[in-house]
Amino acid sequence: MRGLFIRSEFVESLLIRPRYARPASPRKRGEGNNGGTMNLIGNLLTALVALLHIYFLVLEMFFWQKPLGLKTFRNTPEKAEITAVLAANQGLYNGFLAAGLIWGLLHSAPAFAFQIKAFFLLCVIVAGVYGAMSVSKRILYVQAAPAALALLVLWLAR
């Protein structure tokens with residue numbers, strides 16, 4: 001099994017490459033103007049997702065029973081009172097998602113930063129899909145779609 005992962009001269013000789021072709025550029029993926037621009041756009045979208053989740057935290061933890069929270073979540077005051085503790089807990093989880101995304105944006109090692117952002121964006125996508133299936137289809141567009149777009153752009157920038 002070990003031999004499958006070793007690159008041999010025989011395998012390299014099977015690669016069809018004209019003799020006059022120049023070797024591939026030693027540039028790493030994501031470097032250069034296009035990769036850098038895509039990475040910037042991906043980071044901006046990730047920051048947007050983080051800001052959305054901070055907004056969700058504030059709404060669910062502090063404004064759940066206030067007019068803004070009632071209107072946003074289409075709740076009655078009675079239902080909001082009964083579910084206030086659950087909403088605060090949900091808001092706290094949204095805060096953790098935002099913190100993870102911000103951590104990924106601030107991390108100095110690009111490869112690890114990508115992994116952090118990808119993990120937390122996937123968490124947001126899963127939460128958004130579950131919310132769309134169990135609560136409202138609107139959650140798919142407000143929560144999951146921006147995270148999916150950010151993840152796609154970051155993936156393409158690699």
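**Figure 1. The helices, and how the whole chain is put together.** Helices here are DSSP runs of H or I with at least four residues, numbered from the N terminus. This is a predicted model, and its chain has six helices and zero strands. Read from one end of the sequence to the other, that gives α-α-α-α-α-α. Buried residues account for 31% of the 158 in the chain. Take the contacts between residues at least 6 apart in sequence: 59% of them join residues at least 24 apart. As for the outside, the chain exposes about 11,500 Å², with carbon and sulfur atoms supplying 67% of that area.

**Figure 2. A look into the largest pocket.** Which helices help to line the largest pocket with at least two residues each? They are α2, α3, α4, α5 (110–134) and α6 (138–157). Helix α4 gives the largest share of the lining, with nine residues. In total, 29 residues line this pocket, and its volume comes to about 930 Å³. If you want to find your way to the centre, look for E60, F73, Q90, V135 and I139, the lining residues that lie nearest to it.

**Figure 3. The nonpolar patch on the surface.** Eight names to pick out in this view: Y55, M61, F62, F63, L68, L92, Y93 and F96 make a nonpolar surface patch of about 800 Å². Two elements, α2 (32–62) and α4, give two or more residues to the patch. Zoom in on M61, a patch member that sits in helix α2. Is M61 buried, partly exposed or exposed? M61 has a relative accessible area of 31%, so it counts as partly exposed. That value also clears the bar for patch residues, because they need over 30% relative accessible area.

**Figure 4. R74 and its unusual backbone angle.** Most residues other than glycine have a negative phi. R74 goes the other way: its phi is positive, about 55 degrees, although R74 is not a glycine. Where along the chain does R74 sit? Look in the loop between α3 (67–73) and α4 (77–106). The side of things facing out is simple enough to describe: R74 has 63% relative accessibility and therefore counts as exposed, the cut-off for that label being over 50%.

How values were computed: Residues are numbered from 1 along each chain as its sequence is written. This is a predicted model: local features need pLDDT of at least 70, side-chain atom pairs count only at pLDDT 80 or more; totals for chains, interfaces and linings use all residues. Side-chain values use heavy atoms; hydrogens and water are left out. Buried means under 20% relative accessible area, exposed over 50%, partly exposed in between (1.4 Å probe, protein chains only). Patches are made of residues with over 30% relative accessible area and no salt bridge: like charges are joined within 9 Å, nonpolar side chains (Val, Leu, Ile, Met, Phe, Trp, Tyr) within 5 Å. Accessible areas come from the Shrake-Rupley method with a 1.4 Å probe; for residues, only the protein chains shown count as cover. A salt bridge is a side-chain nitrogen of Lys or Arg within 4 Å of a carboxyl oxygen of Asp or Glu. Contact means heavy atoms within 4.5 Å. On a 1 Å grid over the protein atoms alone, a cavity is a set of points where a 1.4 Å probe fits but cannot get out, and a pocket is an open set with protein on both sides within 12 Å along at least five of seven lines; lining residues have an atom within 4 Å of a point. Grid points are joined across faces, edges and corners, and a volume is the space filled by probe spheres set on the points.
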